[in-house]
Amino acid sequence: MTTVRRAVLTLPAAPLGPDNPLPALRAPAGAGAHAVDARTLAGLPRDMARGIGRAPLRSLLPAPVRDGYGRERTPADIDTIVIENDRLRVTVLPGLGGRIHSLLHKPTGRELLYRNPVFQPAAFALNGAWFSGGIEWNIGATGHTTLSCSPLHAATVRAPDGGPMLRLWEWERLRDLPFQVDLWLPEGSDFLYVGVRIRNPHERVAPVYWWSNTAVPEDRRVLAPAEAAWHHGYDGGLHRVSVPSTEDGVDRTYPLNSRHAADWFYDLPEERRRWIAALDPDGSGLVQTSTGPLRGRKLFVWGTGRGGRRWQEWLTEPGTPGYAEIQAGLARTQLEHLELAGGEEFSWLEAYGPLAADPATALGDDWTAARADVEQRLAGALPGAAVDAAYAAWREGAADTAPVEVLAVGSGWGALEVLRGELELPGTPFPESTLGPEQRPWRELLRTGVLPPPSPGAAPGAPLVAGPWRDMLETAPADPSTEYHLGIAQWHAGDRAQAVRSWERGLKQAKERWPLLHCLAVADEEDGHPERAADRFVEAFEDYAERAGHADRAEFGGRTGFGEGPGSETRAAAVGAALGREAVAALLANGRADRARKLWSGLPEEVRGSGAFRLLEIRILLAEGRPEAARAVFYEGFEVADLREGAEILDELWARITDEPLPDAYEFRMRPS
């Protein structure tokens, strides 16, 4: 019989640390890695170009940036939920985006996924912290979801066959949409079934993005029912190529044949069954298939170059085999978004399981025969009609079923939206009991029309930016806290001039000036006033340092600014470090190295010793005309824990110091030189 149970997984893990306390007013930092240049865009099919241009993110609001993690790992217990029958054992991480950590085929003892032996956050999610391995559920916008390292609601539900099913659900805040992921193992099945639903409870049309990403060992061949693919590298291009060979005649269906990191979005014919497989030299491995709405299939590779190898090491530990990703999404490419009408939903079913093909055929040179062999084996193991029938049984008889036993609790944001909109969402309850400290001020605004200010000395609360909340803020009694949040909501809506006016009104009355000064500094920076932006960043930093009680050395561990309680000093230090990092960077961008040096030198030693601030030190030294001292910092060694995907800052700084090759420890380039 199938069982669903709680368990604990112990892994070497780097703590997530506190979220960045500053509002995420800027566009996602890694957006450039997924951009398409204008000339390429003009030559694409019209519907693809329209999907690529649909509703790009202007900011990450209301999600926070998650950059408080480091790279020191110690053994940690991670809560899991295990789904098991006599054929498969599935390990799920409800506190980390609901990711499937392991998919073990019990009769053969084979792990079907790439299973990361550590938990090491890195800056790949839209809002920062993300980790590699397993199967992840990406919703929101192009990139890894902001929920990558966040808890989801989880509960047992009755599956279509009467057995237990695991339901994961949450409210995705970038697009303001609820979603659910239902996982079950029919008795005796070699395949894990996954039912997914995204609902739009609003009257307006919503942009929608979904990709299920599966990490597999990279010593595989990846097959899909396609003869062409859209190739996307880190140079802004997107062009159609043949499969399995590209223009250079190299078979790119083998991940280790690629030198550089790249995406291949397979162009599946409309009439063909949706599937993708990754098979080892024996012809065995994992296959993923789905109902028709999950249209896209993709292969991602890190490449064999120095940058790709370094990223693989960065995400795990030395000596760990590398991985590639096979993915499935709603659109042809991850650069596109679909439209979901108000009151409607997208839903589909996926299946994951083992596949054994004839290695001589599936791994042979005849691509047509290789695909046919895999498709025939898949039809024997799991007919397409069975997938369609499982979807119908789930959607009609189980998707709306109420949870039986709660196993984990996510955020309170969904409960707040259900209260505001008086929503009915069968199957995915967001009970009022899940409201927490972040939601309580907004609950009061909803109930009374007044947004309670934070307690004296406390930092601003988490923002909300959707239209109904903005309307409530506009009619609420004005005070500095309300003006701060109103400005953030107006900024998100694209009304930047009005946002600046709201922040300026709040600043006239504010005792705690640094939150409003920081927002105004970002506005100046974005509007082309870098000198004024730098002055305001510095003023925000100095205001916080003074109020923290350590204006002379900016050591932020005294009066915390967050009240008493566990972790308050850590959160307070995060405010000071975040403001200091912004101020130093802005001063350097304006050629004010002397002022940047003074501010940097006044930071606590533990802050200056972190990788991000060693990187700022190198920039200061170069601005001071001291390349040998900057070179010495490189030789001493440092790690920038939140280095972004596609970032080339280390290479750029090294090139200003010397013509020597960049040391391997700092080689993270993901595109050809």
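Trainee: In this predicted model, what makes Arg496 count as a charge lying over the face of Trp491?

Mentor: Arg496 is placed at 4.1 Å from the ring centre of Trp491, and since a charge sits over a ring when the CZ of Arg is within 6 Å of the ring centre and within 35 degrees of the ring normal, the distance satisfies the first condition, while the description of Arg496 as lying over the face comes with that value.

Trainee: Which ring does Arg99 lie over, and at what distance from the ring centre?

Mentor: Arg99 lies over the face of Phe131, at 3.8 Å from the ring centre, and that value is again within the 6 Å that the definition allows.

Trainee: Why is Cys149 called buried?

Mentor: Buried means under 20% relative accessible area, and Cys149 has a relative accessible area of 3%, so the word applies to Cys149. The same reasoning holds for Cys519, because its relative accessible area is 0%.

Trainee: How many disulfides does the structure hold?

Mentor: The structure holds 0 disulfides, which means that no pair of cysteine sulfur atoms counts as lying within 2.5 Å.

Trainee: How many aromatic pairs does a search of the whole structure find, and what makes the pair of Trp514 and Tyr544 edge-to-face?

Mentor: The search finds 25 aromatic pairs. For Trp514 and Tyr544 the rings are 5.3 Å centre to centre with 80° between the planes, and because pairing asks for centres within 6.5 Å and edge-to-face for planes over 60 degrees apart, both conditions are met. This pair links distant parts of the chain, with Trp514 in helix H12 and Tyr544 in helix H13, 30 residues apart, and both Trp514 and Tyr544 are buried.

Trainee: Why is the pair of Phe634 and Tyr666 edge-to-face, and which parts does the pair tie together?

Mentor: The ring centres of Phe634 and Tyr666 are 5.0 Å apart and the planes stand at 85°, so the pair is edge-to-face. Phe634 belongs to helix H18, whereas Tyr666 lies in the segment after helix H19, so the pair ties together parts that are 32 residues apart in sequence. Phe634 and Tyr666 are both buried.

Trainee: Which residues of helix H7 are buried, and what covers them?

Mentor: In helix H7, which spans residues 413-421, the buried residues are Trp413, Gly414, Ala415, Leu416, Glu417 and Val418, and what covers them includes strand E10, helix H8 and helix H9. Just after H7, Glu422 takes a positive phi of about 50°.

Conventions:
Residues are numbered from 1 along each chain as its sequence is written. This is a predicted model: local features need pLDDT of at least 70, side-chain atom pairs count only at pLDDT 80 or more; totals for chains, interfaces and linings use all residues. Side-chain values use heavy atoms; hydrogens and water are left out. Buried means under 20% relative accessible area, exposed over 50%, partly exposed in between (1.4 Å probe, protein chains only). Helices (H or I, at least four residues) and strands (E, at least two) are DSSP runs, numbered from the N terminus. Contact means heavy atoms within 4.5 Å. Rings of Phe, Tyr and Trp (its six-membered ring) pair if their centres lie within 6.5 Å; planes under 30 degrees apart count as stacked, over 60 as edge-to-face and the rest as tilted.
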